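The report below is meant to be read beside the sequence and the coordinates. It takes up helix packing, then ring interactions, and then the setting of a single side chain.

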Amino acid sequence: MSSSLLVRKRKRAHADPGAPETLSVELSSLPETQAGPVLASFPSLIPPKNTAFKCYIHEEDEGRDFSKRRSTIAGETETVEFSGSQGGSDGPSSRYFVALRQPGSSKLILQPAPIYSISRQVKVLKGFKSAEPSAADRIHARNVLGETFGTKKAKQAIRAHERNKVDVSAMEGVAGVLQDRIEEGTENLPTKEEAVDSANASRLIPPYDVDAQQPEDIYPLHNIIPEQEWAAMDSILHRLKSAGSDQARVRLLPNSRSDWIRQHLMLAYSVPKPNSKVVKMLIYASALIAFRGVAGRNVPDRTAVLEKLSPAPETVVDGILSRFTETARGSTRAQMTSENDTKLLTYLFALCLKVDDFARTRRVNALFKSLGCTIGKLSQQDLKRLGLPDIAASNKRAILKAPLTFPKPR
C-alpha cells in the first residue's frame with residue numbers, strides 16, 4: 001500500500017503553464033518480498049549494457065524482504081563472468097532506494113534495492129593456477145641479485161657454491177650400477193636375529209640359559225665354576241669347618257679383606273649346619289678378588305700367583321689363569337686386558353647374585369645390568385623372602401629375574 005512521504009514545490013527556470021507545480025514522493029506499493037531492481041557496483045570492468053544478469057536467492061531466506069535476503073547476481077559475456085553477493089541484514093545498516101517516475105506523472109516512487117559489489121573472472125584464466133617457484137628458482141634469483149648488487153665477499157660465496165654443486169643428471173647413468181653394488185655388498189649382512197645372537201655371544205659374562213624360567217637357572221653354577229674346580233675346593237671347606245672362630249675362617253680364605261665375604265661367611269656358620277654350596281661359592285669369590293688384586297696389567301708367573309692365592313688349590317688357580325688372562329703372540333707372559341678384567345668382575349657378580357639370592361645391593365650398575373639385572377627397590381614379599389628388615393626397602397638393589405632380558409643397545 002502506497003503512502004505519501006513528502007510534497008515539494010519545484011521551481012523551473014522557464015515557466016510552463018501546463019506542467020504541475022508539485023511532485024509527491026511515495027514508497028513503492030509492491031510487496032516487500034517481491035523481486036525488484038538492484039544496484040550494482042563494478043570496480044574494475046563494466047559489462048556491455050545488453051549483458052543479462054540473474055538473481056539467485058538462498059532457499060532459507062525465502063519469505064524475507066527482497067532487499068534483506070542473502071542473494072547473488074551473475075551474468076557473463078563471451079570472455080568474462082561477473083558475479084556479486086550481498087549478505088542481507090536485519091540490523092541497522094545503510095539502505096538504498098531506486099527512484100522511479102513515469103513521464104508526465106507527479107509521483108516519484110521509491111523502491112528498496114540491495115547493492116552488489118561485482119567481481120569479474122576471465123574465462124580463459126578460470127582454471128589457471130600460477131606455479132609456485134621452486135627452491136632452485138629462489139636460489140637462482142637470489143644469486144642473480146647477489147651478482148648484481150652483492151659485496152665482493154658475497155659474490156665469492158656464490159661462485160664457490162656454484163663450483164661445489166653436484167650435477168645429479170650425471171649420476172643417472174650409474175645409479176643402477178651403484179644399486180647393484182649395494183645389494184651385492186649387503187647380501188651377506190646378518191639378519192636382525194643373527195645380529196642379536198652375535199651380540200649376546202660376545203658378551204663378557206658367564207654362559208647363560210636365555211630360556212630359563214627361574215633366576216637360579218639363568219647362570220648355571222658350573223658355567224661359572226667348572227666342576228673340577230668345584231670339587232677341588234673341598235679341601236678348604238674341611239679346614240673351614242674345623243676352624244675355631246669366624247676370624248680363623250676368614251684368614252683361611254685367599255682374600256680376607258672383603259667385608260662382603262666376611263659377613264656372608266659369618267652368616268653361613270651362624271647356623272648348626274652351614275650351607276656348603278654357599279661356602280664354596282664364597283671361597284671361589286675370594287680367589288677371584290685375590291687374583292684381581294695381584295694380576296694388574298702384567299700377570300706374575302704361575303708360582304707367584306699360587307703363592308698369593310694360597311690356600312686356593314692349583315686346579316682353581318690354573319682355571320682362573322686360563323679364563324681371565326691371555327698371552328700375546330710371540331710372548332710367554334700372561335696379561336690381563338680390560339676385557340679380561342670385565343669378564344672376571346661379571347663372573348664374580350654372578351656368584352654374588354647367587355649368594356644373595358639374586359637381589360644384590362646396588363654397586364657397579366653397568367656390570368650388573370650387563371648380567372640382565374634390573375636396578376630397583378625390593379618389594380615387601382622380597383624382603384620377607386630374603387629375611388631383611390623393612391628399613392632395607394629404602395636401598396636399591398640389583399635384582400636378577402627370569403626370563404632373562406639384556407639391556408637394549410643404544
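In this predicted model, helix α10, which spans residues 259-268, packs against helix α11, which spans residues 276-295, at an angle of about 165 degrees and with the two axes 10 Å apart. Because angles over 145 degrees count as roughly antiparallel, α10 is described as roughly antiparallel to α11. The crossing of these two helices, α10 and α11, is left-handed. On the α10 side the contact is made by Trp260, Ile261, His264, Leu265 and Ala268, and on the α11 side by Val279, Leu282, Ala285, Ser286 and Ile289.

Helix α11 also meets helix α13 (residues 314-324), and here the axes come within 11 Å and cross at roughly 55 degrees. That angle makes α11 oblique to α13, and the crossing in which α11 passes α13 is right-handed. The residues of α11 that make this contact are Tyr284, Ala287, Leu288 and Phe291, while α13 contributes Val316, Ile320, Leu321, Arg323 and Phe324. The table sets out the two packings.

| Helix pair | Angle between axes | Axis distance |
|---|---|---|
| α10 and α11 | about 165 degrees | 10 Å |
| α11 and α13 | roughly 55 degrees | within 11 Å |

As for the chain as a whole, the protein chain holds 16 helices and 15 strands. It has 410 residues, of which 31% count as buried. Among the contacts in the protein chain with a separation of 6 or more, 58% are accounted for by residues 24 or more positions apart.

The next topic is the aromatic rings. With ring centres required to lie within 6.5 Å, the count comes to 4 aromatic pairs. One of them is formed by Phe42 and Phe53, whose rings are edge-to-face, at 6.2 Å centre to centre and with 65 degrees between the planes. This pair links distant parts of the chain, since Phe42 sits in the loop between β3 (39-41) and β4 (53-57) and Phe53 sits in strand β4, 11 residues apart. Phe42 is partly exposed, with a relative accessible area of 24%, and Phe53 likewise counts as partly exposed, at 31% relative accessibility.

Phe42 also pairs with Phe82: the ring centres are 6.1 Å apart and the planes stand at 80 degrees, so this pair too is edge-to-face. Phe42 lies in the loop between β3 and β4, whereas Phe82 belongs to strand β6 (residues 80-86), and the pair therefore ties together parts that are 40 residues apart in sequence. Phe82 itself is buried, with a relative accessible area of 3%. Through these ring pairs, Phe42, Phe53 and Phe82 are linked into a cluster.

A ring elsewhere in the chain has a charged partner: Arg249 lies over the face of Tyr269, at 4.3 Å from the ring centre.

The last site to consider is Gln86, which has its place in strand β6, the strand that also holds Phe82. Is Gln86 buried or exposed? At 14% relative accessibility, Gln86 counts as buried, because the cut-off for that class is under 20% relative accessible area. Leaving aside residues up to four places away in sequence, Gln86 touches Ser67, Lys68, Arg69, Arg70 and Ser71, and in addition Pro114, Ile115 and Tyr116.

Technical notes:
Residues numbered from 1 in each chain as written. Predicted model: local features only at pLDDT ≥ 70, side-chain atom pairs only at ≥ 80, totals over all residues. Heavy atoms only, no water. Phe/Tyr/Trp six-rings, centres within 6.5 Å; stacked < 30°, edge-to-face > 60°. Helix = DSSP H or I, 4+ residues; strand = E, 2+ residues; numbered from the N terminus. Buried < 20%, exposed > 50% of the residue type's maximum accessible area, 1.4 Å probe, protein only. Lys NZ or Arg CZ within 6 Å of the ring centre and 35° of its normal. Axes fitted to C-alpha atoms, helices over the stretch in contact; angles between N-to-C directions. Parallel < 35°, antiparallel > 145°, perpendicular 65-115°, else oblique. Left-handed = near helix turned anticlockwise from the far one by under 90°. Contact = heavy atoms within 4.5 Å.
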